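Thanks for coming. I will go through the cavities, then the charged pairs, then one helix and the aromatic rings.

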Amino acid sequence: MRGLETSVIKLRRKVFVEVARAAFESENVASDIEAIPYKITPTETPQYRESIYRERAIASERVRLAMGMSLNPQDKPAHITNGLSASNISDNYYDPPLMQVIPSACDRCEDNVYEVSDQCRKCVSRYCMTVCPKDAVSVGADGRAEIDREKCIKCGKCKSACPYDAIAHKIRPCSEACGVKAIKSDALGRAHIDPDKCVGCGQCMVSCPFGAIADKSQIFQLIRAIRKGDEVVAEVAPAVIGQFGQNVTLWKVKAALKEIGFREVYEVAHGADVGASTEAHHYATEVATGKLPFLLTSCCPAWSMLAKTRFPETIDNISNALTPMVATARTIKQKRPNARVVFIGPCAAKKLEAMRKSVRSDVDFVITFEELAAIFEAKGIDFKTFDKEEPIHDATAAGRGYGVAGGVASAIETCVREYYPDVEVKIEHAEGLEECRKMLLLAKLGKKNGCLIEGMACPGGCVAGAGVNVPVEKGAAELKKFVNDSTKKLPEKELYEIKLP
């Protein structure tokens, strides 16, 4: 369940905080990094696993991923800092895959299996047996129903028919959360992520109760760049509102970022304003005139990747507008050519977007709100007592609204109605990759012609991304209030004419 401060969340936070401290303070990085598992599990009594050795082995792999390194080979155990020399440079970018399963942490959950529980009352009607189309259900020696897994076709009819809800459908949580069906089982029954299918949304990571899936991080490299004295500049996604506590405004977040060494802070919502204006223009001149059958928004990288890989015939229908992250980064680098730009947001998939060759020179680092919270903690910044503020006014309500599901389409629709009052707008939006897939299929079949289609990989939009700190509902409410309080509502029509290199 999202928004709960579970043991997994606490363990992840401890790892990030210790890696951040080592990056900021350490003069002997290798030694301090090797000590992190012992800081996380300081006693010899295990808390979550059968042995302290397994707990520390898992912690070691978490540390490697937090430093942007790959997992150590299972058949060749090595020190945490194996390969540190390649990671201990400020301009290093990790290699794919982004999402990785830590083998020693995976509990080998059964996937898509029906099983009779102790709730079976040995009833006379035997509804479960009656409805089974393959005679897979029988009466066991103790009188309870039994399911033959060799015969079972997993139709679920037995479960639906049981009046006592005595039949459980066991689903691997990470697999159920994956809308692109990228998770299978390896030879030992552990989860395995197919990198060719994965779009990096991270919903599998936040759904695993064992914390066995983690993404790579750049906090170590980012902090080393700050420590080295590089001109590091932050661009902050609109979903930041409410992520660091009640009444923690964007102004406070900006002041805190500058306190820890960022030279300047900009709103990613500025790039969203550019995108809304651009896509409004595209819709009015391309879709409304019949040149294109429909237009797909481009801001969610996981949605765009789904369209490009699973529905390649829709590529020409994806808006050519720069994503807010890239548009803002290019604006920053026009103003500050020597800047190292870090995108700070709720989204794990942005890490994959930043790895693209066309984006790599624009965005140097990507970190999530979860990772930033650990950096704040490592530097002793507590928003309960932090009272500094710095004004920031880069964007309008339209761009700031991109952080919630429906916000992108709403911004573009409002721009079309304002700029092109004679154009009728048809809006569709989907959230969650499974619903996005269905929407793309309908569009492919010609069922969505004339529509502007917004896709959000995470149910709820950006505020539901894998890197958020608060429950989705709370994040959405805080962001909507921020949008409503914005003094300027719409970007200028001429924004779409901005030519960014």
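A cavity, as I use the word here, is a set of grid points where a 1.4 Å probe fits but cannot get out. Rolling a probe the size of a water molecule over the atoms shows where empty space is left. Please keep in mind that this is a predicted model.

Cavities first. The structure holds nine of 30 Å³ or more. The largest cavity contains about 300 Å³ of space, and 25 residues line it. If you want to find it on the screen, look for Cys299, Pro346, Cys347, Lys350 and Cys462, which are the lining residues nearest its centre. Three helices each give at least two residues to that lining: H13, residues 301-310, H14, residues 324-335, and H15, residues 349-354. What is the lining made of, by residue class? It divides into 21 nonpolar residues, three polar and one charged.

The second largest cavity holds about 120 Å³. It is lined by 14 residues, and those closest to its centre are Cys120, Cys123, Cys128, Ala145 and Cys162. Here the lining divides into 11 nonpolar residues, no polar ones and three charged ones.

Now H14 again, since it contributes to the lining of the largest cavity. Is this helix mostly covered or mostly open? It is mostly covered, with 10 of its 12 residues buried. The buried ones are Pro324, Met325, Val326, Ala327, Thr328, Ala329, Arg330, Thr331, Ile332 and Lys333. The length of H14 can be checked too. At 1.5 Å a residue, its 12 residues should span 16 Å, and the C-alpha atoms at its ends are 17 Å apart, so the two figures agree.

Next, the charges. Side chains of opposite charge can pair when their charged atoms come close. In this model there are 36 salt bridges, and I will show three of them.

The first is between Glu370 and Arg12, at 2.8 Å from N to O. Glu370 sits in helix H17, residues 369-378, while Arg12 sits in helix H1, residues 7-25, so this bridge links distant parts of the chain, 358 residues apart. Are the two residues buried or exposed? Glu370 is buried, with a relative accessible area of 8%, and Arg12 counts as buried at 10%. The cut-off for buried is under 20%.

The second bridge joins Glu115 and Arg149, whose closest N and O atoms are 3.0 Å apart. Glu115 lies in strand E2, residues 113-116, and Arg149 in the loop between strand E4, 145-147, and helix H7, 157-161, so the pair ties together parts that are 34 residues apart in sequence. Both ends are partly exposed: Glu115 has a relative accessible area of 32%, and Arg149 comes out at 39%.

In the third bridge, the side chains of Glu264 and Lys254 meet at 3.3 Å, N to O. Glu264 is in strand E10, residues 264-267, and Lys254 is in helix H11, residues 250-259, so this pair ties together parts 10 residues apart in sequence. Glu264 counts as buried at 17% relative accessibility, and Lys254 is buried at 8%.

Some salt bridges share partners. In this way Arg12, Asp215, Lys351, Glu370 and Glu371 are joined into one network, and Arg12 and Glu370 are the pair with the 2.8 Å contact.

Last, the rings. A pair of aromatic rings is described by the distance of the centres and the angle of the planes. Counting rings whose centres lie within 6.5 Å, the model has six aromatic pairs. One of them is Phe376 with Phe383, edge-to-face, at 5.2 Å centre to centre with 85° between the planes. Phe376 is buried at 2% relative accessibility, and Phe383 is buried at 12%.

Phe383 also pairs with Phe386. Their ring centres are 5.8 Å apart and their planes stand at 75°, so this pair is edge-to-face. Phe383 and Phe386 are both buried. Which residues make up the aromatic cluster? Phe244, Phe369, Phe376, Phe383 and Phe386 form one cluster.

That is what I have; I will take questions now.

How values were computed:
Residues numbered from 1 in each chain as written. Predicted model: local features only at pLDDT ≥ 70, side-chain atom pairs only at ≥ 80, totals over all residues. Heavy atoms only, no water. 1 Å grid on protein atoms, 1.4 Å probe; cavity = no way out; pocket = protein on both sides within 12 Å on 5 of 7 lines; lining within 4 Å. Points joined across faces, edges and corners; volume = space filled by probe spheres on them. Helix = DSSP H or I, 4+ residues; strand = E, 2+ residues; numbered from the N terminus. Nonpolar A, V, L, I, M, F, W, Y, C, P; charged D, E, K, R; others polar. Salt bridge = Lys/Arg side-chain N within 4 Å of Asp/Glu carboxyl O. Buried < 20%, exposed > 50% of the residue type's maximum accessible area, 1.4 Å probe, protein only. Expected span 1.5 Å × (residues − 1). Phe/Tyr/Trp six-rings, centres within 6.5 Å; stacked < 30°, edge-to-face > 60°.
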